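Q: Hey, got a minute to walk me through this one? I'd like to start with the sheets and then wander a bit.

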Amino acid sequence: MDSMIKAEELVYDYVRRDEETGEESVIRAVDHLDLSIAPGSFVAVLGHNGSGKSTFAKEVNGILMPTEGVLYVDGIDTSNEEQIWEVRKTAGMVFQNPDNQIIGNIVEEDVGFGPENLGVPTEEIWERVNQALDAVEMTAYRKKSPNHLSGGQKQRVAIAGVLAMKPRCIVLDEPTAMLDPVGRREVIRTVHELNEKEKITILLITHYMEEAIDADRVVVMDDGKLVMDGTPREIFSQVEKLKSYALDVPQVTELAWELRKAGIGLPGGILRRDELIQALMPLLKGDRENGD
Ligand SMILES: Nc1ncnc2c1ncn2[C@@H]1O[C@H](COP(=O)(O)OP(=O)(O)O)[C@@H](O)[C@H]1O
Ligand SMILES: [Mg+2]
């Protein structure tokens, strides 16, 4: 099957030169990463600080070129300079801080910048702006200044700006890190809708475990390498292993795990509250009957 993103033995080294000694030091941020992401899938990328997630994201978006190995975005080799705009158009990128991405003074202008830079004809720009604002449910704010929006709304405008470039894939690098819980939910819901309705491939980098629960697939990076890969249930049932990579599990999963350790007969990998309640119900009922 074709891949939307395909990394083969991908490496990225940051090279630093000490100004006084002229000595070079190398930090290997991505270390022989092999990863293939199916078109239309929703993949969550987890990993503690410094594990190489952002570096990988920038390679996917063509901001950084591979030091070694190959990276294909929708079949295009990202190291091919002539195709770099094709790569950036295909894989849109949303960063942590919406304030650094929004440049327009009015929401609709901001969303139009991307397609304008791509040389899209004016009439089509407006069509795209309308569609993009509609998709993130920000049409009502189109004439407003981005300064007056909440963090979640700003991030949705940033997503609309990416959407207006008609990407096949969106890479979001901790897009909710600066948002309050309401803003976080808005953004995650928006991203899931784009995946479901528009079939856009989503690569969501996050350190909120809850945000990975509804992904098709979860991958864990550590020290530049891919160390875990599976469904959310497969990944989050390995609590000890995740902890060894300095990662948590969703709160409900943690609680179920603690209960299991205390000898309560629950299945592994419980992700959601209602699942935990379902699993606990027969146990609690049994207890009550025994007590009567
Ligand atoms: N611009 C840079 N120059 C030098 N080293 C960097 C730079 N950016 C990141 N690094 C290093 O690369 C490694 C991976 O960083 P990063 O990709 O930002 O990880 P993550 O996003 O998972 O926190 C870390 O050791 C980090 O210190
Ligand atoms: Mg990062």
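A: Happy to. One thing up front: this is a predicted model. As for sheets, four strands make an open one in the order 2-1-4-5, and their pairing is antiparallel.

Q: Which strands stand at the edges of that one?

A: Strand 2 (24–37) and strand 5 (76–77) do. Each has a single partner strand, so one side of each is left without a neighbour in the sheet.

Q: And how many bridges hold strand 1 and strand 4 together?

A: Five bridges, in the antiparallel sense, between strand 1 (residues 5–17) and strand 4 (residues 68–73). If you want a pair to click on, V11 has E68 in strand 4 as its bridge partner.

Q: Nice. Which strands does helix 1 lie across?

A: Helix 1 (residues 53–60) lies across strand 1, strand 2 and strand 4. Its angle to strand 1 is about 115°.

Q: Okay, changing topic: pockets. How much space is in the largest one?

A: About 530 Å³. It is lined by 20 residues, and the closest to its centre are M93, G114, G161, V162 and M165.

Q: Which elements supply that lining?

A: Helix 2 (84–90), strand 6 (91–94), helix 3 (107–117) and helix 5 (151–163) each give at least two residues. Helix 3 has the largest share, with four residues.

Q: What's the split by residue class in the lining?

A: There are 10 nonpolar residues, seven polar and three charged.

Q: Back to sheets for a sec. What's the strand order in the six-stranded one?

A: The order is 6-7-8-3-9-10, in an open sheet with mixed pairing. Strand 6 and strand 10 (225–230) are at the edges with a single partner strand each, so one side of each lacks a neighbour in the sheet. On average, neighbouring strands here are turned by 20° against each other, direction ignored.

Q: Which strands of it does helix 5 touch?

A: Helix 5 packs on this sheet and touches strand 6 and strand 7 (169–173). The direction of helix 5 makes about 165° with that of strand 6.

Q: What about strand 3, is that one buried or exposed?

A: Buried: five of its five residues are, so strand 3 is largely enclosed by the rest of the structure. F42, A44 and L46 point one way from the strand, while V43 and V45 point the other way.

Q: How many bridges join strand 3 to strand 8?

A: Four, and the two strands, residues 42–46 and residues 201–205, run parallel. Along that pairing, V45 has I205 as its bridge partner, and A44 stands opposite L204.

Q: And how does strand 3 run relative to strand 9, parallel or antiparallel?

A: Parallel, with four bridges joining strand 3 to strand 9 (residues 217–222). On that side, L46 stands opposite V220.

Q: Now a couple of single residues. Where is A215?

A: A215 is in the loop between strand 8 and strand 9. At 7% relative accessibility, this residue counts as buried, because the cut-off for that is under 20%.

Q: What does A215 touch?

A: Leaving out residues up to four places away in sequence, A215 touches F42, A44, H192 and P232. F42 and A44 are the strand 3 residues we just met, and they point one way from that strand together with L46.

Q: How far is A215 from I202 in space?

A: 9.1 Å, C-alpha to C-alpha, with their positions 13 residues apart in sequence.

Q: There's a glutamate I was curious about, E186. Buried or exposed?

A: E186 is buried, with a relative accessible area of 17%. You'll find it in helix 6 (residues 181–198).

Q: What is E186 in contact with?

A: Setting aside neighbours within four places in sequence, E186 is in contact with G152, Q153 and R156.

Q: Last bit, the whole chain. How many helices and strands are there?

A: The chain has 10 helices and 10 strands. Of its 292 residues, 48% count as buried. The C-alpha atoms fill a box of roughly 75 × 55 × 45 Å along the principal axes.

Q: And what share of the contacts join residues at least 24 apart?

A: That share is 63%, among contacts between residues at least 6 apart in sequence.

How values were computed. Residues numbered from 1 in each chain as written. Chains lettered and ligands numbered in written order. Predicted model: local features only at pLDDT ≥ 70, side-chain atom pairs only at ≥ 80, totals over all residues. Heavy atoms only, no water. Pairing = 2+ DSSP bridges. Contact = heavy atoms within 4.5 Å. Axes fitted to C-alpha atoms, helices over the stretch in contact; angles between N-to-C directions. 1 Å grid on protein atoms, 1.4 Å probe; cavity = no way out; pocket = protein on both sides within 12 Å on 5 of 7 lines; lining within 4 Å. Points joined across faces, edges and corners; volume = space filled by probe spheres on them. Nonpolar A, V, L, I, M, F, W, Y, C, P; charged D, E, K, R; others polar. Buried < 20%, exposed > 50% of the residue type's maximum accessible area, 1.4 Å probe, protein only.
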